[in-house]
Amino acid sequence: MATILPHTAQRVRHLEETLLATLSQWGYQEIIPPTFEYLDVVQAGLEPDLIEKCYKFSDRTTGRILLLRPDVTAQIARIVAMGMVGTDLPLRLCYRTTVFRYEPEHAGREREIFQVGAELIGADDVAADAEILALMAECLRRLGLEEFKISVGHVGFFKALLAKSGLSEEGQKRAEQAAARKDLPRLEEILQEERVNRTQAGAILETVGLYGREEVLARGRAFAGQDRDLRPAVDRLADVYDLLSRSELRAHLLLDLGEFRGFDYYDGLVFEVFAKGVGYEIGGGGRYNHLIGRFGRDLPSTGFAFDVDRLFRAMEDVEAEAPEKAPHFYVSAPPKHQDQVFETGRVLRQAGYRVIQACRTDGADAVLAEGARVGAEVVVLLGVAGVAADEALVAMVHAEGPAARPSKSKLKDLPSLIRR
């Protein structure tokens, strides 16, 4: 679990705030889910493999098992099913939070994962799928990230292929896991172990490696024919791709019939987003029409989440920087005038300025040097001999230090020294 130091924390918060502002502009309202849940309440939305990765502990009052949040989507499904966010549909929710999952040492994954995501609940049509994909792309553009690809597939197509192959239930599960990792040798081994005939095995293996643009749809239709289990998945994927291709988003889209997210609750369109210079996805999501039903009535839903740490790495070469957070004013006085320091700081902050205040006894030169060190634009010295109670000595500061010796200024004029 990482410690994020001030400079990086400032940039991460800027990234998160930009994402949340974009989501808000699209009508998504922020929700803050609890950090831990009772296992027996939320486990309906979590697959067994994920529960194994949870951090668990017992409630000191009831003895019931609690777990640190391993997945936000399952939490939101529970919250929505309980009617806590109302019944008017569709719901547009977003979040900024962390999830906790145990990973073995040197697995290449953090155990505390920072996420920003969005959920569109109560709509099951092409427009809803396209909205989520367009929104994810808009978030990246607002961050200044232009070189990215969104790989889009449909879980239903690959699952139907596996179901028709004669694989056992356990074999299907193992094949799905191999497909999610794009592990073709392991997938081929599973198909051989379960004696899947050569034609069906070939179709399954080809599908996992089938990605591109219109040619993927053509090949998918060839596999599907008029099969009522396969054809709807290809048609839905084609409709979403066609809608988004009419915009500038087309250049960022890739179709992948073998796209297979690592969560069992996905049952429709799924996708992952990749950025230049990062060798793994920086986010992803998909449709989960039956997850909320595990906690109550089914509600069609789709959503996505960014891994903030990975997104941060993808932005290392992006020129856009977080807004400068250095103080506007550094206000100092000897201890016997600390009341003036507090009052002056209060007035300046009320006017919208960032202020560092200090009580010092080491002289004007030291105060000016410290003001320059912390990056303040103006150093204010109070309680100086020969200066009236309603005045201060002030010095404008540049990167190399104070521009000139301090000069007198009325306290009421301090806010006008900086133009923002």
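This report describes strands, nonpolar cores, salt bridges and a few single residues in a predicted model.

**A covered strand and its partners**

Strand S6, which spans residues 112-121, is mostly covered, since nine of its 10 residues are buried. Strand S5, made of residues 91-100, pairs with S6 in the antiparallel sense over 10 bridges, and within this pairing Val99 stands opposite Ile113 of S6. S6 also pairs with strand S12, residues 301-307, again in the antiparallel sense, over seven bridges. Here Gln115 is the residue that stands opposite Asp307 in S12. When looking at such strands, it helps to remember that in a regular strand the side chains alternate between the two faces of the sheet.

**The nonpolar cores**

In soluble globular proteins, nonpolar side chains tend to be buried together. The largest nonpolar core in this model has 102 residues, and those with the most contacts inside it are Leu23, Ile150 and Phe304. Helix H5, residues 126-142, supplies the largest share of this core, namely nine residues. Apart from it lies another core, of 14 residues, which includes Phe329, Val331, Ala333 and Val394.

Which residues does Phe304 touch, not counting residues up to four places away in sequence? Its contacts are Leu23, Tyr95, Gly117, Ala118, Ile132, Leu135, Met136, Cys139, Phe271, Gly284 and Gly285.

**Salt bridges**

Side chains of opposite charge can pair when their charged atoms come close. The count for this model comes to 33 salt bridges, and the table lists some of them with the distance between their closest N and O atoms.

| Basic residue | Acidic residue | Closest N and O atoms |
|---|---|---|
| Arg287 | Asp129 | 2.9 Å |
| Arg219 | Glu206 | 2.7 Å |
| Lys412 | Asp413 | 3.4 Å |

In the salt bridge between Arg287 and Asp129, Arg287 lies in strand S11 (residues 283-287) and Asp129 in helix H5, so the pair ties together parts that are 158 residues apart in sequence. Both Arg287 and Asp129 are buried.

The salt bridge between Arg219 and Glu206 links helix H10, residues 214-224, where Arg219 lies, with helix H9, residues 198-208, where Glu206 lies, and the two residues are 13 residues apart. Arg219 is partly exposed, because its relative accessible area is 35%, a value that falls between the limits of 20% and 50%. Glu206 likewise counts as partly exposed, at 29% relative accessibility.

Is Lys412 buried or exposed? With a relative accessible area of 69%, Lys412 is exposed, whereas its partner Asp413 counts as partly exposed at 29% relative accessibility. Beyond these pairs, Arg174, Arg186, Glu189, Glu193 and Glu194 are linked in a network of salt bridges.

**Two single residues**

Glu391 lies in strand S16, which covers residues 391-398. Although Glu391 carries an acidic side chain by name, what matters here is its accessibility of 17%: Glu391 counts as buried because this value is under 20%. Leaving aside neighbours within four places in sequence, Glu391 is in contact with Leu382, Lys408, Ser409, Lys410 and Leu411.

Gly375, by comparison, lies in the loop between helix H14 (364-373) and strand S15 (378-381), and at 34% relative accessibility Gly375 counts as partly exposed. Not counting residues up to four places away in sequence, Gly375 touches Ala326 and Pro327. From Gly375 to Asp235 the separation is 140 residues in sequence and 58 Å in space, C-alpha to C-alpha.

How values were computed: Residues numbered from 1 in each chain as written. Predicted model: local features only at pLDDT ≥ 70, side-chain atom pairs only at ≥ 80, totals over all residues. Heavy atoms only, no water. Buried < 20%, exposed > 50% of the residue type's maximum accessible area, 1.4 Å probe, protein only. Helix = DSSP H or I, 4+ residues; strand = E, 2+ residues; numbered from the N terminus. Pairing = 2+ DSSP bridges. Contact = heavy atoms within 4.5 Å. Core = buried A, V, L, I, M, F, W, Y, C linked by side-chain atoms within 4.5 Å. Salt bridge = Lys/Arg side-chain N within 4 Å of Asp/Glu carboxyl O.
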